[in-house]
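Reader: I should like a close look at one sheet of this model and at the parts packed around it. Please keep to what the coordinates support.

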Amino acid sequence: MTATDRFASVRYLVDDVQAAVDFYTAHLGFTLGFSAAPAFAEVLRGPLRLLLSGPASSGARATPEPAVPGRNRIHLVCDDLDTEIDRLRRAGLTFHGDLVSGPGGRQILLTDPAGNLVELFEPADRPG
């Protein structure tokens with residue numbers, strides 16, 4: 001196996017590659033790395049390479065059964081979660097559930113156009 005330390009890659013199966021590219025680049029700070037829409041595209045944010053595979057992509061065909069969104073999600077850290085929530089709501093986006101607070105911080109789930117989950121997370125202040 002060849003190892004790389006440049007990016008961590010995650011594949012999301014989507015039903016509309018261009019809609020997914022537009023969502024991630026317009027709302028969540030990703031940049032387009034490569035597009036072979038309507039089959040496939042990659043978007044980048046820091047060390048995350050998000051592979052967006054449409055129904056015609058080889059990545060989607062490798063799934064032996066119909067893929068549905070699960071409980072897995074990418075995790076994006078925010079400095080000010082309340083501001084991000086307000087900004088995304090003003091852009092017409094809706095959230096999956098309510099804001100949740102715990103000992104590690106606060107989070108809320110957003111869904112992309114295909115129903116894949118994105119967690120927006122603001123870490124709790126930690127002493128030291």
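In the open sheet of four strands that contains strand 5, what is the order of the strands, and what kind of pairing is found?

Author: The model is predicted, so local features are taken only at pLDDT of at least 70 and side-chain atom pairs only at pLDDT 80 or more, while totals for chains, interfaces and linings use all residues. Residues are numbered from 1 along each chain as its sequence is written, and side-chain values use heavy atoms, with hydrogens and water left out.

The strands of this open sheet run in the order 5-8-7-6, and their pairing is mixed. Strands are DSSP runs of E with at least two residues, helices are runs of H or I with at least four, and both are numbered from the N terminus. Two strands pair if DSSP finds at least two bridges between them. Strand 5 and strand 6 (95-102) are the edges, each pairing on one side only. From one strand to the next, the twist averages 20 degrees; axes here are lines fitted to C-alpha atoms (for helices over the stretch in contact), and angles run from 0 to 180 degrees between N-to-C directions. Strand 6 is joined to strand 7 by five bridges in the antiparallel sense, and Ser101 stands opposite Arg106 of strand 7. Helix 3 packs on this sheet, where it touches strand 6, strand 7 and strand 8, and its direction makes about 15 degrees with that of strand 7. Contact is taken as heavy atoms within 4.5 Å.

A second open sheet of four strands has the order 1-4-3-2, again with mixed pairing. Its edges are strand 1 (8-13) and strand 2, each of which pairs on one side only. Neighbouring strands in this sheet are turned by 20 degrees against each other on average, direction ignored. Strand 2 (residues 31-36) pairs with strand 3 in the antiparallel sense over five bridges. Along that pairing, Thr31 stands opposite Leu44, and Leu32 has Val43 as its bridge partner. The two strands form a hairpin with three residues between them. Pro38 lies in this loop, and the peptide bond leading to Pro38 from Ala37 is cis, with omega near 15 degrees.

Elements of both sheets contribute to the largest nonpolar core, which has 26 residues; Tyr24, Leu28, Phe30, Leu52, Ile74, Leu110 and Leu120 have the most contacts inside it. At least two core residues come from each of helix 1 (17-27), strand 3 (40-45), strand 4 (48-53), strand 5 (73-77), helix 3 (81-90), strand 7 (105-111) and strand 8 (117-123). Helix 1 gives the most, with five residues. Such a core is a set of buried Ala, Val, Leu, Ile, Met, Phe, Trp, Tyr and Cys residues joined through side-chain atoms within 4.5 Å. In soluble globular proteins, nonpolar side chains tend to be buried together.

Tyr24 belongs to helix 1. This tyrosine is buried, with a relative accessible area of 0%; buried means under 20%, exposed over 50%, and partly exposed in between, for a 1.4 Å probe and protein chains only. Leaving aside residues up to four places away in sequence, Tyr24 touches Tyr12, Gly29, Phe30, Val43, Leu50, Leu52, Ile74, Asp112 and Val118. Asp112 is 88 residues from Tyr24 in sequence, yet the two are 8.0 Å apart in space, C-alpha to C-alpha. With the same exclusion, Phe30 touches Tyr24, Thr25, Val43, Leu44, Arg45, Leu48, Leu50, Ile74 and Leu76.

The whole structure holds three aromatic pairs. Rings of Phe, Tyr and Trp (its six-membered ring) pair if their centres lie within 6.5 Å; planes under 30 degrees apart are stacked, over 60 edge-to-face, and the rest tilted. Tyr24 and Phe30 make an edge-to-face pair, 5.3 Å centre to centre with 80 degrees between the planes, and both residues are buried. Phe34 and Phe40 form a tilted pair at 6.3 Å and 45 degrees. Phe34 is partly exposed at 44% relative accessible area, whereas Phe40 counts as buried at 18%. Ring pairs also link Phe23, Tyr24 and Phe30 into a cluster.

As to confidence, the protein chain has a mean pLDDT of 87, with 85% of its residues at 70 or more; pLDDT is the predictor's confidence in each residue, from 0 to 100. Helix 1 has the highest mean, 98, and helix 2 (residues 58-61) the lowest, 69. Where pLDDT is low, the predicted coordinates should not be read in detail.
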